[in-house]
Amino acid sequence: MARLFSRKPGLANHSRELDVSPTSQGPLPRSASMNYNAASWVIATAAAVVALAAWWETRKARQAAEGSEKSAKASAEAAGRSADEAERMTRIESDRLRDERDARHEALAPVLEGKVTIDLEGANPNRLGLFGWITLARTYRVQAEGWTGSALTPTSGLPVLLHAHTRYKFHIEHWPNGRTKPQTQELRFRFWPPVADLDDTDAWTCPCHRPSGETMNGPGHWEVRVPVEPPVEPFALFS
Ligand SMILES: [Zn+2]
């Protein structure tokens, strides 16, 4: 029986071994805990610094991108303004040159020395003719026609080239006995500058782009109309 109540030494020892010191399972010593917290703080701070640096770089990159986008837009706008300005200057220059050409064209227009004189002439009172006389201040090629109200009739007697300061006579229409007023209502002159290879004169040119007079078939470079007034007392020549 004693055996039943005896305590096995092993159990007693075991019991003693289980009686471990509280220090083996409690909180860390104060110094170790501080080290651990400091390390965590350092890691957290380093992570925050890295995050901040990354954010800063991203922000700089975004700002740079926005900056270059703005810069590109500004450059495009400046280029557009330059193109508009260049176009405006080209238009102004083109208008100026056209105005200069037109002014030169006007300055070169035929100027009469005196009026175109129109009168009856003829040795025989029954075979009179209506004639005109013209003197120009500059040398031109010329074509002259009479307008009757329904048809153009060429005049006769004028050379192709009218030299400056020279009086030229030309025939407008026949004047049968008994006629009291001309059939021709107006004279239509077409003028061109002389043509260098064709005309025996010091050729000159007009800088505008209106017709030149090589053939004299088309429109004149300048055109002048002169009304034909009824001659006053046609028979006075022979009174
Ligand atoms: Zn001209």
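Okay, let's start with one residue: Gly 129 is partly exposed, because 15 other C-beta atoms lie within 10 Å. On that scale, a residue is buried with 20 or more other C-beta atoms within 10 Å of its own, exposed with 12 or fewer, and partly exposed in between, with the C-beta atoms placed from the backbone.

Before going on, a word on what we're looking at. This is a predicted model, where local features need pLDDT of at least 70 and side-chain atom pairs count only at pLDDT 80 or more, while totals for chains, interfaces and linings use all residues. Residues are numbered from 1 along each chain as its sequence is written.

Back to our glycine. Gly 129 sits in strand E2. Helices (H or I, at least four residues) and strands (E, at least two) are DSSP runs, numbered from the N terminus. So what is Gly 129 in contact with, leaving aside its neighbours within four places in sequence? The list is Glu 121, Gly 122, His 171, His 174 and Trp 175. Contact here means that the C-beta atoms, placed from the backbone, lie within 7 Å. Take Trp 175: 46 residues separate it from Gly 129 in sequence, yet the two are 4.9 Å apart in space, C-alpha to C-alpha.

Now zoom out to the sheet around it. E1, E2 and E6 form an open sheet of three strands, in the order E1-E2-E6, with antiparallel pairing. Strand E1 (117-121) and strand E6 (167-176) are at the edges with a single partner strand each, so one side of each has no neighbour in the sheet. From one strand to the next, the twist averages 25°; the axes behind that are lines fitted to C-alpha atoms, and angles run from 0 to 180 degrees between N-to-C directions. E2, residues 127-135, is joined to E6 by nine bridges. One example is Phe 131, whose bridge partner in E6 is His 171. We say two strands pair if DSSP finds at least two bridges between them. And in general, strands of a sheet pair through backbone hydrogen bonds, either parallel or antiparallel.

Next up is strand E3. Which strands does E3 pair with? With E7 (residues 186-192), E3 runs antiparallel over seven bridges, and Gln 143 has Arg 190 as its bridge partner there. With E5 (residues 161-162), E3 (residues 140-147) shares two bridges, again antiparallel; in that pair Tyr 140 stands opposite Leu 162. With E4 (residues 152-154), there are three antiparallel bridges, and Trp 147 faces Leu 152. The E3-E4 hairpin has four residues between its strands, and Gly 149 takes a positive phi near 105° in it.

Tyr 140 turns up again in the largest nonpolar core. That core has 18 residues, and Leu 130, Tyr 140, Val 142, Phe 189 and Phe 191 touch the most other members. E1, E2, E3, E6 and E7 each supply at least two residues, and E7 gives the most, with four. By nonpolar core I mean buried Ala, Val, Leu, Ile, Met, Phe, Trp, Tyr and Cys residues joined through C-beta atoms within 7 Å.

Last, the overall picture. The protein has three helices and eight strands, with the three helices coming before the strands from the N terminus on. Of its 239 residues, 13% are buried. And of the contacts with a separation of 6 or more, 64% are between residues 24 or more positions apart.

Definitions and conventions:
Two residues are in contact if their C-beta atoms, placed from the backbone, lie within 7 Å.
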